[in-house]
Amino acid sequence: MTEPRVRPDPAFALLGLYETALPEVYGYLLSRCGDRTLAEELTSETFLGAVAACRKEYAPPVSTGWLIGVARHKLADHWRRREREERGLRLVADTAASDQGVVDPWDERLDALRARQVLESLGPHHQAALTLRYVDGLGVPEVAGHLGRSVHATEALLTRARAAFRRAYQEKEGRDA
């Protein structure tokens, strides 16, 4: 009688990549959320999620780029969770829906540190939309997919997010001057 063959755990492919991918994934998350603790938690979630994904029957090939994609999804999930929590606490209606169709001619050069501080001060839904669109360079349909919204709703969200960013940036600029 022959012994059954033991298939090696596909998650071992991650082990070989772990040391080189860890700083890349952590750096990606930290640069987008600006919070070390959150970046560490999301990095951990990324690798745990990657282990589970590797064990699926039709798992994609493991690479640092793929792990960054997993991290992007984990960050978007975090922002969605945070937004749901804040939405439950908010009683104020969103009045910015009337901003649709407004052309955004703001082309001033932004101070990077001030821009990061302003971005971090915005609500998670605005942070997510602006980061995915302008930091990650995703198109509106891709942003919509990550945020679980329609393209039309995402366009409206981006309009409101840009307006909120502009107001906060200009307020901070006035205080810092």
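How many helices and strands make up the secondary structure of the protein chain? In this predicted model, the chain comes to seven helices and zero strands. Read along the sequence, the pattern is α-α-α-α-α-α-α. The protein chain has 177 residues, of which 36% are buried. Among contacts with a separation of 6 or more, 69% join residues 24 or more positions apart.

**Confidence**

The mean pLDDT of the protein chain is 80, and 78% of the residues reach 70 or more. Two stretches fall under 50. Residues 91-100 stay under that value, and the model gives them eight contacts beyond four places in sequence. Residues 104-108 also have a pLDDT below 50, with six contacts beyond near neighbours in sequence. Where pLDDT is low, the predicted coordinates should not be read in detail.

**Nonpolar core**

The largest nonpolar core has 40 residues, and those with the most contacts inside it are Leu29, Leu67 and Phe165. The elements giving two or more residues to this core are listed below.

| Element | Residue range |
|---|---|
| Helix H1 | 12-33 |
| Helix H2 | 36-54 |
| Helix H3 | 64-89 |
| Helix H4 | 112-121 |
| Helix H5 | 124-135 |
| Helix H6 | 140-147 |
| Helix H7 | 151-176 |

In soluble globular proteins, nonpolar side chains tend to be buried together. Leaving out residues up to four places away in sequence, Leu29 touches Gly34, Ala39, Leu42, Thr43, Thr46, Ala71 and Leu75.

**The two faces of helix H4**

Helix H4 has four buried residues: Arg114, Ala115, Val118 and Leu119. They lie on the same side of H4 because they cover an arc of only 135° around the axis. An α-helix has 3.6 residues a turn, so residues three or four places apart point the same way. The face turned away from the buried side of H4 carries the exposed residues Ala112, Leu113 and Ser121.

**The cavity and Gln127**

A search of the whole structure finds one cavity of 30 Å³ or more. About 40 Å³ of space lies in the largest cavity. The lining of the largest cavity is formed by Arg32, Cys33, Arg116, Leu119, Glu120, Gln127 and Thr131. H1, H4 and H5 are the elements that give two or more residues to this lining, and H4 supplies the largest share, three residues. Leu119 thus appears both among the buried residues of H4 and in the lining of the largest cavity.

Which residues does Gln127 contact, leaving aside neighbours within four places in sequence? Gln127 is in contact with Trp79, Arg82, Leu119, Glu120, Ser121 and Leu122. Of these partners, Leu119 and Glu120 also line the largest cavity, as does Gln127 itself. Gln127 is found in helix H5. With a relative accessible area of 6%, Gln127 counts as buried because the cut-off is under 20%.

**Glu155 in helix H7**

Is Glu155, a residue of helix H7, buried, exposed or partly exposed? Its relative accessible area of 41% makes Glu155 partly exposed, since that class lies between 20% and 50%. The C-alpha atoms of Glu155 and Pro141 are separated by 9.1 Å, and the two residues are 14 residues apart along the chain.

How values were computed:
Residues are numbered from 1 along each chain as its sequence is written. Side-chain values use heavy atoms; hydrogens and water are left out. Buried means under 20% relative accessible area, exposed over 50%, partly exposed in between (1.4 Å probe, protein chains only). The arc is that of the directions from the helix axis to the C-beta atoms. A nonpolar core is a set of buried Ala, Val, Leu, Ile, Met, Phe, Trp, Tyr and Cys residues joined through side-chain atoms within 4.5 Å. Contact means heavy atoms within 4.5 Å. pLDDT is the predictor's confidence in each residue, from 0 to 100. On a 1 Å grid over the protein atoms alone, a cavity is a set of points where a 1.4 Å probe fits but cannot get out, and a pocket is an open set with protein on both sides within 12 Å along at least five of seven lines; lining residues have an atom within 4 Å of a point. Grid points are joined across faces, edges and corners, and a volume is the space filled by probe spheres set on the points.
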